[in-house]
Amino acid sequence: MPVARPETSETRVIAHVDMDCFYVQVEQRKQPELRGLPTAVVQYNEWQGGGLIAVSYEARKCGVKRSMRGDEAKFACPEIQLVQVPVARGKADLNLYRSAGSEVVSILAQSGKCERASIDEVYLDLTDAAERMLADAPPESLESMDEEVLKSHILGMSREDGDDCKESVRDWMCRRDADHGDKLLSCGIIIVAELRKQVLKETEFTCSAGIAHNKMLAKLASGMNKPAQQTGVPYSAVQELLSSLPIKKMKQLGGKLGTSLQNDLGVDTVGDLLQFSETKLQEHYGINTGTWLWNIARGISGEEVQGRLLPKSHGSGKTFPGPRALKSLSTVQHWLNQLSEELSERLSSDLEQNKRIASTLTLHASAFRSRDSDSHKKFPSKSCPLRYGAIKIQEDAFNLFQAALREYIGPFGINPQGNKKETWRITGLSVSASKIVDIPSGTSSITRYFQSQSTAPSHSADGCVQEHVAMTPSASEGCSEQRSTETEVAMPEEDTSVTCTLPNFENSYKDIDLVSEKFPCQDVVSCPSNEATDIPTQSESNKGTQAKRIGQKINNLKEKNRGIPSIVDIFKNYSATASSKQETQEDSTVSSTSKRVNFSISSHNSEVNQEVEERRETDWGYKLDEIDQSVLDELPVEIQREVRSFMRPNKRFNVGKSKGDGSASSIAHYFQPLKR
Ligand code: TTP
């Protein structure tokens with residue numbers, strides 16, 4: 001069945017740029033004597049020579065694979081050079097690689113809309129640049145073409161070896177009768193070749209690229225010819241490309257959905273999907289997934305390149321393979337402390353450098369239970385509002401872990417002393433911070449505030465919510481990248497997986513930094529979370545039970561006050577208006593939400609506080625009967641006091657009267673610079 005060209009309004013030119021054996025290149029730049037030698041980067045774990053996480057192409061030629069450990073690699077290639085990843089806090093420290101990735105991004109971002117998809121991958125939307133080139137200097141008008149362009153692979157183009165091949169590429173690109181899509185693609189190929197040369201010149205790193213009319217095809221193409229090569233995908237080659245592409249290789253089809261397609265519909269390649277009507281696919285997998293499958297079978301994908309140069313989330317994780325599996329709460333806590341500290345550092349520098357703030361903390365772990373038949377049960381992921389400061393993150397992460405463990409092992413399985421009764425083992429732990437939004441300018445004070453919080457004693461973590469990992473096909477559509485954004489990755493096999501589950505710690509045996517978008521499909525719902533602290537849960541809250549706990553006084557206040565949101569809610573509000581950041585900074589008639597955030601952070605005087613009061617009345621619509629204890633406990637102590645005073649009408653504070661002198665407790669004061 002022929003594949004129709006998508007009837008989209010606009011033909012786009014998208015590139016996917018992927019660094020070649022990235023960590024190896026970074027290490028080789030640091031130690032130039034390693035260049036050209038078979039080299040691999042090994043994780044911080046000396047067991048059997050450490051697990052390989054990056055392998056140079058010279059080593060690959062000798063049969064070395066990423067799945068090997070150092071000892072095996074030496075056996076396969078005795079001259080291999082093994083370089084250990086930098087280490088901090090007893091785990092891999094990826095900062096070197098992160099900043100190397102940023103160097104590349106800053107070069108590529110000059111060419112058009114740029115999306116940093118992972119530590120070493122970038123999508124570029126080159127449509128405008130290609131259109132400009134086509135108008136000003138189309139390929140056929142060029143006197144000569146760069147070697148790098150002529151070395152390109154163009155799918156569907158018959159090619160011969162050597163110079164003839166370059167001639168074929170030139171001819172293909174200079175066809176006067178080519179359609180608009182192919183002409184734009186040719187311009188994209190020229191632009192990307194130039195960018196890759198620039199990256200090499202400025203960073204000494206080689207990269208490979210795919211150039212196509214959408215992200216999906218560009219990504220597929222970038223891995224086809226590596227290292228240091230590029231591949232173009234004209235519309236006319238799409239059908240052939242997909243007809244032989246194993247279904248599991250397609251992004252988001254590596255997991256359960258792909259398996260179901262294989263087992264239930266007998267689909268082995270993406271092309272096999274063409275035999276099913278859209279209705280049929282919808283019958284099997286629901287409307288959205290059905291349509292999505294129908295589209296990808298035809299190479300259609302509307303996913304846009306997001307203009308995003310910064311990671312969507314931060315994570316820090318570590319695996320504990322084999323005998324290293326953790327078996328007591330105290331060792332789990334020790335490692336959570338290390339991971340939380342690292343996470344906190346990265347959050348602080350993100351805040352400092354990029355003025356961004358995260359609002360959700362998530363704990364993931366992988367575990368097994370040695371003594372029962374249910375040993376494959378997944379360790380639940382848990383999340384809660386994120387509180388800044390290493391100590392708070394440590395506390396919250398540990399509380400999340402305990403809540404998850406209770407659920408994992410059942411109420412009678414836990415032995416807090418971690419003695420021999422224990423049957424659980426933890427093979428991987430990670431903490432991640434997500435829902436990152438920009439905060440407006442003028443935030444140096446808040447930075448200082450958070451820094452000071454990091455050393456302050458903190459209270460227990462509350463309000464943890466269960467991560468229901470959505471495994472339904474339709475949920476999978478929300479997964480943009482399994483492995484992306486600023487992370488070391490644990491799942492080579494799962495790169496294209498649809499699953500939104502825990503990283504495959506056991507398989508990879510690597511120190512990892514969790515992949516931020518590995519969990520985009522999580523449907524966070526509330527659940528009983530922390531029995532130990534006897535905190536009312538959000539679900540109780542929804543049912544109104546928490547109202548009893550907070551007491552009748554709240555109801556009395558409902559009429560009078562609208563309540564105060566937690567910092568998390570403030571930033572959640574802000575996130576909805578993040579796009580109006582510019583407005584917030586430049587225009588005094590900005591939307592009220594963004595304005596009030598900016599305002600609250602930087603204002604000090606009474607006039608300002610008055611406005612806070614006014615806005616509180618009109619904008620900060622927080623329902624008091626929805627406040628539960630856990631939300632209160634999440635606030636800094638002074639704000640807790642303030643909120644609680646709302647519950648005691650006679651002692652109610654008056655924001656309007658606060659002069660912002662540091663003595664009055666108010667939400668505005670909370671955002672003011674810390675008085676030392
Ligand atoms: P990849 O882009 O998957 O691989 P690569 O750059 O090493 O090699 P290729 O040329 O085939 O693209 O991963 C980028 C870096 O991420 C890699 O250099 C090391 C790190 N990584 C891990 O730490 N663990 C993993 O499981 C994978 C897949 C990558």
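**Aromatic rings in a predicted model**

Let's start with Tyr-23, which is buried, with a relative accessible area of 7%. Keep in mind as you look around that this is a predicted model.

From Tyr-23, turn to Tyr-97: the two form a stacked aromatic pair, with 3.8 Å from centre to centre and 5° between the planes. The planes count as stacked because that angle is under 30 degrees. This pair links distant parts of the chain, since Tyr-23 belongs to helix α1 (residues 22-30) and Tyr-97 to helix α4 (residues 95-108), 74 residues apart. Like its partner, Tyr-97 is buried, here with a relative accessible area of 0%.

How many aromatic pairs are there in the model? The count comes to seven. One of them joins Phe-22 and Tyr-23, whose ring centres are 6.3 Å apart and whose planes meet at 55°, so this pair is tilted. Phe-22 is buried too, at 4% relative accessibility. If you follow the ring pairs onward, you find that Phe-22, Tyr-23, Tyr-97 and Phe-205 are linked into a cluster.

Rings can also have a charged group over them, so let's visit two tryptophans. At Trp-172, the charged end of Arg-175 sits over the ring, 4.3 Å from the ring centre. At Trp-335, the charged end that sits over the ring comes from Lys-318, and the distance to the ring centre is 5.2 Å.

Definitions and conventions: Residues numbered from 1 in each chain as written. Predicted model: local features only at pLDDT ≥ 70, side-chain atom pairs only at ≥ 80, totals over all residues. Heavy atoms only, no water. Phe/Tyr/Trp six-rings, centres within 6.5 Å; stacked < 30°, edge-to-face > 60°. Buried < 20%, exposed > 50% of the residue type's maximum accessible area, 1.4 Å probe, protein only. Helix = DSSP H or I, 4+ residues; strand = E, 2+ residues; numbered from the N terminus. Lys NZ or Arg CZ within 6 Å of the ring centre and 35° of its normal.
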